[in-house]
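Here are my notes on the model, for your review. Please read them with the coordinates open.

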Amino acid sequence: MQHVTKVYFPGGAKVISERPAEIVVAPTLIEFDWKRIFFILLGLSFFFVFNYMPPLPDAIDPLGEHFPLSREGKAAIALFLLAGTWWVFEVVPIGITSIAIGVFQALFMIRPAKEAFRSFMDPSVWFIFGSIVIGMVFTKTGLTRRLAYKMLTIVGEKTSMIYLGCFIVTAALAHIMAHTAVAATMFPLLMAIYSLYGEGDKPTNFGKGLFIGMAFVAGAGSIITLLGAARGAVALGFFNDVVGKNVTFFELSKYMFPVGWVMVFLCWVMMLIMFKPEKKVIPGLREKAKKLYKEMGAITGKEIFVGAAVLGIIIFLSLQSFIPALKPYNKSAIILLATLIFFVFKILSIKDLEDIPWNIILLFGGAMSIGFCLWETGAAKWLAINWLVMFKEANWFIFVLSIAFFVMIMTNFIMNVAAIAISLPVALVIAPYLGVAPEVVLFSSLVVAGMPFLLLVGAAPNAIAYESKQFSTGMFFLAGIPASIVLMAVVALAVAVIWPLMGMPVTLK
């Protein structure tokens, strides 16, 4: 007996191969992903072990006040460990890990379901939605390609210079607009540049360096002014309340400028080392960019309309820092106004709405949910006090770096505003006992809060860069370890040398 393979043609079936009966084809083996199963179980183990362990001792601040860890707080930390493990090793899509955060809170009575899932609709999540829509409309109208071709004619054909040009533009834009909006604006532009690299959609070292670097420098640029992110204004508010001193817009920029730009150039060097481009030069790129720019013809009315609408939004958001009458207007509502305009004027369609990367939107919903969970259950404060009191008798320099390290780790998991809010008040209370000037505590915390290099949930630019599909969450995490070490070294240099030379008091003596 023979097994016959037939192919059916319009004129009838034809036999193309025959297999003798004695040859038996083994069934296809289903490959079992043991690594994935291991990390799923590891995350669950963290959750159940921490959640059901006996109550932990109270945290006690330097004034002797006790902060007990409630059952809900302990469960929040357990969930925090689970989410961190699943996000880093991407055992399920990152947006699905976010859904798990809401589900676990509701099922294990950590927070009421209404509260757990409400965070997914937080205005900050909608701000990211609006930023992504701006990126989409730039791409659809051709504005990003126009900007990308113009940039390439300036920076040239060396891949190292393309890295540098993109990073400088990203960081500079983050001085005048929120780093989330900057990332959303730069993302399609970088996609257009990457399409000229000649490797199609295939992940490459150049792609990894380009997008991870963009995410890193968006954070570095955003620390330099109060316009780059909301964290600066929140931190200055705490500082004023606790210490009774006011830090002006330009005073903040004066101390942050050297640190921010040192990090931008160090990020460039790190990307060249960690993700050395496969090609040193892309021959003919400049001429190709010029030709493509010329082929696009004159700027269209649609491009002008989109550019004017987005510019108007950016100007309004920037003026909120200077004109008190504009402050009550919510920034998410303002940026979503652009979304409405684009659909009303039929620049975007229902098809574009369906193309929204919901994985990223869900990721940020989950990040907000776990952040509020740690905050509202008191778990974040318990962690901050326990960490900082360990250093209450340390050398002043070690104490400042310990605060920076804590904020840097926390800001990878929760909103950088929340990381500042839980650690800064405690640190400012401990600082005088060690002879540490409050200014150095404030500025070192602000530097690291703007640069969460380890997890995608740490900042919107990280998540937007991930949308390029050039790297996995694990790759981002691994790249973030040396970057975080370099960041701590730069903070140490600023605390010990740069800021004292610029006139900032670092000790009370």
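The points below run from conventions to the core, helices, cysteines, rings and single residues.

1. Conventions. This is a predicted model, in which local features need pLDDT of at least 70, side-chain atom pairs count only at pLDDT 80 or more, and totals for chains, interfaces and linings use all residues. Residues are numbered from 1 along each chain as its sequence is written, and side-chain values use heavy atoms, with hydrogens and water left out.

2. Core. The largest nonpolar core holds 173 residues. Such a core is a set of buried Ala, Val, Leu, Ile, Met, Phe, Trp, Tyr and Cys residues joined through side-chain atoms within 4.5 Å. Buried means under 20% relative accessible area, exposed over 50%, and partly exposed in between (1.4 Å probe, protein chains only). Phe342 and Trp499 have the most contacts inside this core. Contact here means heavy atoms within 4.5 Å. Setting aside neighbours within four places in sequence, Phe342 is in contact with Val133, Ile134, Val137, Val306, Ala309, Val310, Ile347 and Leu348.

3. Helix 22. Helices are DSSP runs (H or I, at least four residues), as are strands (E, at least two), numbered from the N terminus. Helix 22 covers residues 473-501. The expected span of a helix is 1.5 Å times one less than its number of residues. For the 29 residues of helix 22 that gives 42 Å, and the end C-alpha atoms are 39 Å apart, which agrees. Do not miss the kink: about 50°, centred on Ala494. The bend at a residue is the angle between axes fitted to the seven residues ending there and the seven starting there. Just after helix 22, Gly503 takes a positive phi of about 100°.

4. Helix 16. This helix runs over residues 358-376. Its 19 residues should span 27 Å, and its end C-alpha atoms are 26 Å apart, which agrees. Gly378, just after helix 16, has a positive phi of about 85°.

5. Ser98 and Gly366. Which helix holds Ser98? Ser98 is in helix 3 (residues 94-107). Gly366 sits in helix 16. Ser98 is buried at 0% relative accessibility, and Gly366 is buried at 0% too. Beyond four places in sequence, Ser98 is in contact with Trp87, Phe120, Leu362, Leu363 and Gly366. On the same basis, Gly366 is in contact with Trp87, Ser98, Ile101 and Phe120. Gly366 and Phe117 are 249 residues apart in sequence, yet their C-alpha atoms are 8.6 Å apart in space.

6. Cysteines. How many disulfides does a search of the whole structure find? It finds zero, where a disulfide is a pair of cysteine sulfur atoms within 2.5 Å. For Cys267 the nearest cysteine sulfur, that of Cys166, is 14 Å away. Cys267 is buried, with a relative accessible area of 0%. Cys373 is buried as well, also at 0%.

7. Aromatic pairs. The structure holds 30 of them. Rings of Phe, Tyr and Trp (its six-membered ring) pair if their centres lie within 6.5 Å; planes under 30 degrees apart count as stacked, over 60 as edge-to-face and the rest as tilted. Phe104 and Phe108 are stacked, at 5.6 Å centre to centre with 20° between the planes. Phe104 is buried at 12% relative accessibility, whereas Phe108 is partly exposed at 21%. Tyr194 and Phe206 are also stacked, at 6.2 Å centre to centre with 15° between the planes. This pair links helix 8 (residues 179-194), which holds Tyr194, to helix 9 (residues 205-222), which holds Phe206. Tyr194 is buried at 4% and Phe206 at 0%. Ring pairs also join Phe47, Phe48, Tyr52, Phe104 and Phe108 into a cluster.

8. Positive phi outside glycine. Check Glu90 and Lys346. Glu90 has a phi near 50°. Glu90 lies in the loop between helix 2 (71-89) and helix 3, and is partly exposed at 25%. Lys346 has a positive phi of about 60°. Its place is the loop between helix 14 (331-344) and helix 15 (350-354). Lys346 is exposed, at 71% relative accessibility.

9. Ala229. This residue is in the loop between helix 9 and helix 10 (231-243). Ala229 is buried, with a relative accessible area of 15%. Not counting residues up to four places away in sequence, Ala229 touches His179 and Ser222.
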